[in-house]
Amino acid sequence: MTSSNQQPIPAARPVIGEEEIEAAVRVLRSGRVVQGPEVAAFEEGFSELVEGRHCVAVNSGTSALHLLLLALGIGPGDEVIVPSFSFAASANAVRLVGADVVFADIEPGSFGLDPAAVEAAITPRTAAIMPVHLYGHPAAMDKIMPIAAKHKLAVVEDACQAHAAALNGTPVGAFGSGGTFSFYPTKNMHSLEGGMISTGDAEVARTLRLLRNQGMEQRYANEIVGANMRMTDVAAAVGRVQLSKLGGWTEQRIANAAYLTEHITAPNLQTPTVAEGARHIYHQYTIRVSGDRDAAMAKLTEAGVGNAVYYPTPIHRLKPYWEPDQKAGRNWDLPETERAAAEVVSLPVHPSLSAEDLERIVTAVNELGENL
């Protein structure tokens with residue numbers, strides 16, 4: 001149990017410091033608060049994380065996915081291959097453009113799309129593959145990109161949990177037709193709320209800028225049908241401060257994860273694995289529990305160690321997907337997805353953890369592991 005003088009260790013701790021507050025106030029006092037110079041500067045700064053690709057800021061990670069699919073011309077009649085072991089937004093964006101979701105299984109180590117499952121899922125209607133860099137570990141892009149090239153498919157990277165992750169030196173968001181990032185408060189960096197799209201195609205970038213702003217570059221000169229998915233300058237100013245700190249925070253997450261992996265020794269628990277050549281930036285530090293997961297989580301909570309399951313229900317089993325698929329006679333065979341959903345638990349790994357916090361986490365996890 002948590003002693004009376006020990007505070008619970010939160011699973012995540014969003015950072016909003018004085019620099020972020022001062023940046024927001026500065027913009028508010030300027031009177032230039034929407035789609036202004038702060039947004040442009042944020043886009044330019046973020047571009048350095050994705051090998052200089054064009055970057056387009058929007059109001060959320062979900063909007064980023066939605067608009068990128070639209071800009072790539074994906075819509076009714078198309079299929080997009082998506083992992084079911086992800087947040088629902090990955091598949092929701094596909095549905096929002098009118099395309100069909102085809103679920104493929106994952107690799108047990110990285111939790112990313114299994115390239116063999118991707119190739120098996122391709123049909124004449126397949127238009128795109130959506131790898132999700134889950135928990136901050138890059139998907140197997142070295143194998144997925146050749147498959148996409150072979151079948152002439154777009155690759156939409158869902159990098160919403162993977163700011164600054166990389167594979168063989170290439171950052172996520174710089175592999176495919178485009179990449180998407182989220183700046184929700186619990187992400188490795190945030191802008192209060194927001195998203196970013198990266199693309200190497202200047203025409204796609206221009207289309208994205210039109211789509212986010214009612215289809216216009218010049219006021220009242222609408223070129224296409226668009227929406228209002230702009231980022232505010234307040235959000236961008238906060239994001240710029242956070243971006244300046246991302247490098248240090250990332251190294252601290254990696255160091256915290258290394259400590260946990262070295263010191264968690266209990267049986268019945270599996271610590272995260274990292275693929276060769278991968279830079280895992282540990283948005284989540286996710287273990288597998290062989291045994292009664294609910295009991296393990298309850299014991300961790302009692303010990304004051306925050307924990308959570310991302311994600312307990314695979315997307316294909318959620319009502320908006322399960323019911324239509326059952327009516328259509330589709331039954332997805334996703335054994336690794338089902339197993340991951342039943343076993344995963346994420347532990348605190350954020351950069352605000354102290355040495356004492358890390359010791360407490362290890363002690364609590366090892367004690368529960370021995371008793372499962």
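Which residue of strand 3 is the bridge partner of Val-80? In this predicted model, the partner of Val-80 in strand 3 is Val-101.

## Strands 2 and 3

The bridge between Val-80 and Val-101 belongs to a parallel pairing of strand 2 (residues 79–83) with strand 3, which extends over five bridges. Between these two strands the chain passes through helix 4, and the resulting β-α-β crossover is right-handed.

Strand 3 (100–104) is largely enclosed by the rest of the structure, because four of its five residues are buried. In a regular strand, side chains alternate between the two faces of the sheet.

## Strands 4 and 5

Strand 2 also pairs with strand 4 (residues 126–129), in the parallel sense and over three bridges. Val-80 takes part here as well: its bridge partner in strand 4 is Ala-128. Val-80 thus has a bridge partner in strand 3, Val-101, and another in strand 4, Ala-128.

Strand 4 in turn pairs with strand 5 (residues 154–158), again in the parallel sense, over two bridges. Ala-128 has Ala-154 as its bridge partner in strand 5. Together with helix 6 (residues 141–151), strands 4 and 5 make a right-handed β-α-β unit.

## The two sides of helix 6

Met-141, Ile-144, Ile-147 and Ala-148 are buried in helix 6. Viewed down the helix axis, the buried residues of helix 6 fall within an arc of 125°, and they therefore line one face of the helix. An α-helix has 3.6 residues a turn, so residues three or four places apart point the same way.

The face of helix 6 turned away from this buried side carries Ala-149 and Lys-150, both of them exposed.

## The largest pocket

The largest pocket has a volume of about 410 Å³. Its lining is made up of 23 residues, and those nearest the centre of the pocket are Phe-87, Gln-161, Ser-182, Lys-187 and Tyr-311. By class, the lining comprises ten nonpolar, ten polar and three charged residues.

Helix 3 (61–71) and helix 4 (89–96) each contribute at least two residues to the lining of the largest pocket. Helix 3 provides the largest share, with three residues. Helix 4 is also the helix through which the chain crosses from strand 2 to strand 3.

## The second largest pocket

The second largest pocket has a volume of about 190 Å³. Strand 3 and helix 10 (319–327) each supply at least two residues of its lining, and strand 3 gives the most, with four residues. Among the residues that line this pocket are Val-101, Val-102, Phe-103, Tyr-321, Pro-324 and Trp-332. Val-101, the partner of Val-80 in strand 3, is therefore found in the lining of the second largest pocket, as is Glu-79.

The lining of the second largest pocket divides into six nonpolar and six charged residues, with no polar ones. Arg-95, Asp-100, Arg-125, Asp-325 and Arg-330 are also included in this lining.

## Cavities

Rolling a probe the size of a water molecule over the atoms shows where empty space is left. The model has four cavities of 30 Å³ or more, and the largest cavity holds about 110 Å³ of space.

The largest cavity is lined by 15 residues, of which Arg-13, Pro-14, Val-15, Lys-187 and Arg-253 lie nearest its centre. Six residues of this lining are nonpolar, six are polar and three are charged. Lys-187 is named both among the residues nearest the centre of the largest cavity and among those nearest the centre of the largest pocket.

Note on methods
Residues are numbered from 1 along each chain as its sequence is written. This is a predicted model: local features need pLDDT of at least 70, side-chain atom pairs count only at pLDDT 80 or more; totals for chains, interfaces and linings use all residues. Side-chain values use heavy atoms; hydrogens and water are left out. On a 1 Å grid over the protein atoms alone, a cavity is a set of points where a 1.4 Å probe fits but cannot get out, and a pocket is an open set with protein on both sides within 12 Å along at least five of seven lines; lining residues have an atom within 4 Å of a point. Grid points are joined across faces, edges and corners, and a volume is the space filled by probe spheres set on the points. Ala, Val, Leu, Ile, Met, Phe, Trp, Tyr, Cys and Pro count as nonpolar, Asp, Glu, Lys and Arg as charged, and the others, Gly among them, as polar. Buried means under 20% relative accessible area, exposed over 50%, partly exposed in between (1.4 Å probe, protein chains only). Two strands pair if DSSP finds at least two bridges between them. A crossover is right-handed if, with the strands pointing away from the viewer, the path from the first strand over the helix to the second runs clockwise. The arc is that of the directions from the helix axis to the C-beta atoms.
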